[in-house]
Amino acid sequence: MQTRTPTRKACKTLLEEFQRAPQPLRVEKLVFAGVGGRDVYNISAPFADGGERVIAGRVEARDSEQSEVYFFVEREGTWVPREGAPVFALQDPFVSRVHGHLVFGGVEAFPHPVLRGMLYWRTVFYRGTTLHDLTPFFTGPDGMKDIRLVELQDGSVGVFTRPQGKKGGRGKIGFTRVGSLEELTVEAIQDAPLIDGQFADGEWGGANEIHLLANGLVGVLGHIACFDEERNRHYYPMVFAFNPDTGEASDMELIATRAHFLDGPAKRPDLADVVFSGGLIRKEDGTADFYAGTSDAEAQKLTIVDPFSKYERQG
């Protein structure tokens, strides 16, 4: 992996570079049922629990921001709520495994402490051996989404953060490490240094799923976003490699755009060009299945060239 500070590139530049790269191979929409006609989007990649493949998904009415997270299993090509699985009043779920724990989290919305009638948010974490014994163990700083955890090669826990405001603007990615889940603190997250050379002025992004690579580097699946002149939002799925020992990162690269997915509805007109990275399943044939939410209304799966394999080959 390159050792220089990554080049800070705007969405427009990343789009131009991506158009010259290998393009996605196949696409399909995921079909969900059993949630009263509500939308299911911003899903996780499938993960194993009790011998079944399970997907966590954000469930929400088209005209509402009141969200729940359900766990789905596939039955004859349709994903349905798993019988007996918990339901959480959260947004944008994510799942990982750290030190033998199944770690589940999402974004909790709550009334803003100062701005009347507005909502605020924080990232909350649960852990257990299965979905049926998940218990809360950590709540991140108020106002911070996209906190992600990964067990590193030396057994420590890598923590990716996304501060906003004075430190992070609209949102930038930071990194720190702790010895265990028990050592995770709000102060450690707030003090995490930002990764150099990411996100142009006025643009923002975050980490969505973290992969420990075979050589000890970390593959980060995330998103980069910007506004256009009409204040429409544009969210693009991106990846980069990160060295947790040195703090060095590769340049970000896009892996898809909304146009690579099938047409479908949007929650609002300004969200039509939104792809929210959910997760990647890396496969032995050199491809990867990329699971994503599209336009804050649907969930789709895109098969792409594995974006992390080239970093593993660098030793």
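# Rings, cysteines and a small set of strands

Visitor: Over the face of which residue does Lys145 lie?
Guide: Lys145 lies 4.7 Å from the centre of the ring in question, and a charge sits over a ring if NZ of Lys or CZ of Arg is within 6 Å of the ring centre and within 35 degrees of the ring normal. This is a predicted model, where local features need pLDDT of at least 70, side-chain atom pairs count only at pLDDT 80 or more, and totals for chains, interfaces and linings use all residues. Residues are numbered from 1 along each chain as its sequence is written, while side-chain values use heavy atoms and leave out hydrogens and water. The residue under Lys145 is Trp121.

Visitor: How are the rings of Phe125 and Phe137 arranged: stacked, tilted or edge-to-face?
Guide: Rings of Phe, Tyr and Trp (its six-membered ring) pair if their centres lie within 6.5 Å; planes under 30 degrees apart are stacked, over 60 edge-to-face, and the rest tilted. A search of the whole structure finds 19 aromatic pairs. In this one, the ring centres are 6.0 Å apart and the planes are at 55 degrees, so the arrangement is tilted.

Visitor: How many residues apart in sequence are the parts that Trp204 and Tyr235 tie together?
Guide: Their ring centres are 5.9 Å apart, and because the planes are at 80 degrees the pair is edge-to-face. Trp204 lies in strand E14 (residues 204-212) and Tyr235 in strand E16 (residues 233-242); strands (E, at least two residues) and helices (H or I, at least four) are DSSP runs numbered from the N terminus. Both Trp204 and Tyr235 are buried, where buried means under 20% relative accessible area, exposed over 50% and partly exposed in between, with a 1.4 Å probe and protein chains only. The pair thus bridges a sequence gap of 31 residues.

Visitor: How many disulfides does a search of the whole structure find?
Guide: A disulfide is a covalent bond between the sulfur atoms of two cysteines, counted here when the sulfurs are within 2.5 Å. The closest cysteine sulfur to that of Cys11 is in Cys226, but at 3.5 Å it is too far for a bond. Cys11 is buried at 3% relative accessibility, and Cys226 is buried at 10%. The search comes back with zero.

Visitor: In what order do the three strands of the open sheet stand?
Guide: Two strands pair if DSSP finds at least two bridges between them, and in this sheet the pairing is antiparallel. Strand E11 (148-151) and strand E13 (174-178) are the edges, each pairing on one side only. Four bridges join E11 to strand E12 (residues 157-161), while E12 and E13 are paired over five. That gives the order E11-E12-E13.

Visitor: Which residue is the bridge partner of Val157 in E13?
Guide: Let's look at E13 itself before naming the partner. Four of its five residues are buried, so E13 is largely enclosed by the rest of the structure. The partner of Val157 there is Val178.

Visitor: How far apart in space are Pro163 and Asp191, C-alpha to C-alpha?
Guide: Pro163 is found in the loop between E12 and E13, and with a relative accessible area of 9% it is buried. Not counting residues up to four places away in sequence, Pro163 touches residues including Met144 and Leu194, where contact means heavy atoms within 4.5 Å. Pro163 and Asp191 are 28 residues apart in sequence, and their C-alpha separation is 9.7 Å.
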